[in-house]
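Open the model in your viewer and keep the selection panel at hand. The tour goes stop by stop.

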Amino acid sequence: MSIKKDRRQFLKNVSLASLAIGVLPNLGQAKTLKATKEEAALMCDKTTLDLYGQGPFYTENPPLVVDNLLATADEPGTRMIISGRVFNLDCSEFIPDTLIDIWHADDSGAYDNSGFNLRGYTRTNAQGFYMFETILPGKYLNAGQFRPSHIHFKITPPNFPELTTQLYFEGDTSIPADSAASVTSGEYDARHRIIPLIENADGKMEGTWDIVINGVGTTGVNDIHLDKGM
């Protein structure tokens, strides 16, 4: 691995650790991230499309995610918190009020196609952060192979086009054989959409995914607040 890549990975690890501290529900203090423009550029990877696009299971007009809970408290499965920040293309600005539409399969790999279970939308807060709690999606067969666990996203910054993509998770054994999750170059490169999950003190898995998208944002305080999203 090159020196630049080593530095890049170090910075991402620091950001992940800091954000994990910030989202724990039993902590009352905010954590501040400080990064130079050079460091921000090293961590800046444009969020790519997914080869499968939105897939066949999207439902229009999802409900608002309330209290950051995409999955109800009694939803079967492994609890998981996903959080991050939305940036412009060179990561020099964060983008508030970005619409984030989320949907995924349940623990058994089935989608709710008649209602809105495990479907909803949230928006980034004034510092560009979002957060939601859900369960780890189950796998399902696709052309004779299991699709890796994944979450669908439609991301729409104010006054800019939406981006539709999918998020995957490190260590998933179905990734190498998956036509979309295994792409490693070009506009469908999935490498920066495969994130690690870390168990927190409450036994929930946590993952951080920063979104880099075409949009106009703002600069300012980099505090990580506990009121991410809506």
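Which residue is the bridge partner of W103 in β8? Select W103 and look across: the partner is H152. This is a predicted model, where local features need pLDDT of at least 70, side-chain atom pairs count only at pLDDT 80 or more, and totals for chains, interfaces and linings use all residues. Residues are numbered from 1 along each chain as its sequence is written, and side-chain values use heavy atoms, leaving out hydrogens and water.

**Stop 1: β3 and its partners**

Select β3, residues 99-103. Helices (H or I, at least four residues) and strands (E, at least two) are DSSP runs, numbered from the N terminus. Strands pair if DSSP finds at least two bridges between them. Add β8 (residues 151-156): 5 bridges join it to β3, antiparallel. Now add β4 (residues 119-123), also antiparallel to β3 and joined to it by 5 bridges. There, G120 stands opposite I102. Of the 5 residues of β3, 4 are buried, so the rest of the structure largely encloses this strand. Buried means under 20% relative accessible area, exposed over 50%, partly exposed in between (1.4 Å probe, protein chains only).

**Stop 2: the disulfide**

Select C44 and C91. Their sulfur atoms lie 2.2 Å apart and form a disulfide (cysteine sulfur atoms within 2.5 Å). The S-S torsion is about 85°, so the C44 and C91 disulfide is right-handed. C44 sits in the loop between α2 (37-43) and β2 (79-87), and C91 in the loop between β2 and β3, so the pair ties together parts 47 residues apart in sequence. Both cysteines, C44 and C91, are buried.

**Stop 3: T134**

Go to T134 in β5 (residues 129-135). T134 is buried, at 0% relative accessible area. Show its contacts (heavy atoms within 4.5 Å): beyond neighbours within four places in sequence, they include L70, M80 and L118.

**Stop 4: the rings**

How many aromatic pairs does the structure hold? The structure holds 7. Rings of Phe, Tyr and Trp (its six-membered ring) pair if their centres lie within 6.5 Å; planes under 30 degrees apart count as stacked, over 60 as edge-to-face and the rest as tilted. Select Y111 and Y140: ring centres are 5.8 Å apart and planes at 70°, so this pair is edge-to-face. Both Y111 and Y140 are buried. Next, take Y130 and F132, with centres 6.4 Å apart and planes at 25°, so the pair is stacked. Add F153 and W209 to see the cluster that ring pairs build with Y130 and F132.
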